[in-house]
Amino acid sequence: MSAQPGEEVGSEGSWFGDDCERNGLSGSTRARFGESREQLEPRSGEAAANELDQQFHPIQDRGRRPPVAMETASTAIDLLYWRNVKQSGAVFSSVLLLLFSLTQFSVVSVGAYLALAALSATISFRIYKSVLQAVQKTDEGHPFKSYLEMEIALSQDQISKYADKILLYTNTCMKELRRLFLVQDLVDSLKFAVLMWLLTYVGALFNGLTLLILAVVSMFTMPVVYEKHQAQIDQYVGLIRTQVNSVVGKIQAKIPGAKRKEE
């Protein structure tokens, strides 16, 4: 028969038994001591680092929460591929209606009409809810209270991030234009000249808003068409690319100084 903790005074069992009673480990002493020992066991370096990161940075969950840019890109892809038909249809029709309105009216008029429509809707709903609360004698408060209390301000980190991206794109574009206009590479400059020459014909046939409407229609139709007929489209695109590369190679071979320098 095993002795209970604390029966032998002055022994190690007495000290351990008193310590167990002070810490509330009487009863299933071995099981509880085993649990306490597991809690006190040293953890690996990665687990300890993750625990410290969660303690000092509880909001930033780097491994599980995707960045804002990834979420935005995923939402845009879902819209273009019509994953949600109602949502994609609403966005597509709204953008088209706005662009067609701009073809008939000025930007100032369209903006003013949109603001008046939004104000008419919100003011009418506010008056309706106020009358309804007065009739029913309820105290629901402002109907847009939850939206008014939402935080919509941009943080300093977000502004810095977007400003850095805009600066990067601007510098890249300026360097590329300098390279093309100053003929750093003759072939690329000739390609750019041909593109500008083709755009003169496109500009004579369409204005900017028409091109924008065509671009929006293409954005909401081409991804779905490509997803359904990917094999056939890739085959024809490969043939066209081969022909274009062959023609460009022949032209490059005939123009002196047009060959690229091997790096």
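What share of the protein's contacts with a separation of 6 or more comes from residues 24 or more positions apart? The share is 42%. Keep that in mind as you look around, since several stops on this tour bring together residues from separate parts of the chain.

**Start with the whole model**

Show everything as a cartoon. This is a predicted model, and its secondary structure comes to 11 helices and zero strands. Following the sequence from start to end, you meet the pattern α-α-α-α-α-α-α-α-α-α-α.

Now switch on the surface. The accessible surface is about 22200 Å², and carbon and sulfur atoms account for 62% of it. Of the 263 residues in the protein, 10% are buried.

**Select residues 85-104: helix α5**

This stretch is helix α5, and S88 is part of it. How far apart are the end C-alpha atoms of α5? They are 28 Å apart, which agrees with the 28 Å expected for its 20 residues at 1.5 Å a residue. Turn the model until you look down the axis of α5: the buried residues fall within an arc of 65°, so they line one face of the helix.

Color those buried residues next: they are S88, F92, L96 and L99. Then pick K86, L97 and Q104, the exposed residues on the face of α5 turned away from the buried side.

Zoom in on S88. Is S88 buried or exposed? With a relative accessible area of 1%, S88 is buried, because the cut-off for that word is under 20%. To see what surrounds S88, show D78, L79, W82, R83 and F220 as sticks: S88 touches each of them, leaving aside residues up to four places away in sequence.

**Step across to L212**

Stay with α5 for a moment and select L96 together with L212. Their C-alpha atoms are separated by 9.6 Å, although the two residues are 116 residues apart along the chain. L212 is found in helix α10. At a relative accessible area of 42%, L212 is partly exposed.

**Select W82 and R83: the loop before α5**

Two of the residues that touch S88 deserve their own stop. W82 lies in the loop between α4 and α5. The phi angle of W82 is near 55°, a positive value in a residue other than glycine. W82 is partly exposed, with 27% relative accessible area.

Next door is R83, so add E227 to the selection and look at how their side chains meet in a salt bridge, at 3.4 Å from N to O. R83 sits in the loop between α4 (68-80) and α5, while E227 is in helix α10 (residues 208-228), so the pair ties together parts that are 144 residues apart in sequence. Both partners are partly exposed: R83 has 48% relative accessible area, and E227 has 41%.

**Look for the other salt bridges**

How many salt bridges are counted in the protein? The count comes to four. In general, side chains of opposite charge can pair when their charged atoms come close.

Select E140 and K129, whose side chains form another salt bridge, 3.6 Å from N to O. E140 is in the loop between α6 and α7 (145-148) and K129 is in helix α6, with their positions 11 residues apart in sequence. K129 counts as buried, at 18% relative accessibility.

Then move to D188 and R179, where the N to O distance is 2.9 Å. D188 is buried, at 14% relative accessible area. Add E176 to the view, and you have a network of salt bridges that links E176, R179 and D188.

**Select V183**

V183 lies in the loop between α8 (156-181) and α9 (186-205). As with W82, phi is near 55°, a positive value in a residue other than glycine. V183 counts as partly exposed, at 44% relative accessibility.

**Finish on the surface, at helix α6**

For the last stop, which residues make a nonpolar surface patch of about 480 Å²? Select L119, I123, I127, V131 and V135, and the patch appears. V131 lies in helix α6 (residues 107-136). At 48% relative accessibility, V131 counts as partly exposed. You can also find K129 again here, since K129 is in helix α6 too, with its salt bridge to E140.

Definitions and conventions: Residues numbered from 1 in each chain as written. Predicted model: local features only at pLDDT ≥ 70, side-chain atom pairs only at ≥ 80, totals over all residues. Heavy atoms only, no water. Patch = residues over 30% accessible without salt bridge, like charges linked within 9 Å, V, L, I, M, F, W, Y side chains within 5 Å. Areas by Shrake-Rupley, 256 points an atom, 1.4 Å probe, with all protein chains shown as cover. Helix = DSSP H or I, 4+ residues; strand = E, 2+ residues; numbered from the N terminus. Buried < 20%, exposed > 50% of the residue type's maximum accessible area, 1.4 Å probe, protein only. Contact = heavy atoms within 4.5 Å. Expected span 1.5 Å × (residues − 1). Arc of directions from axis to C-beta.
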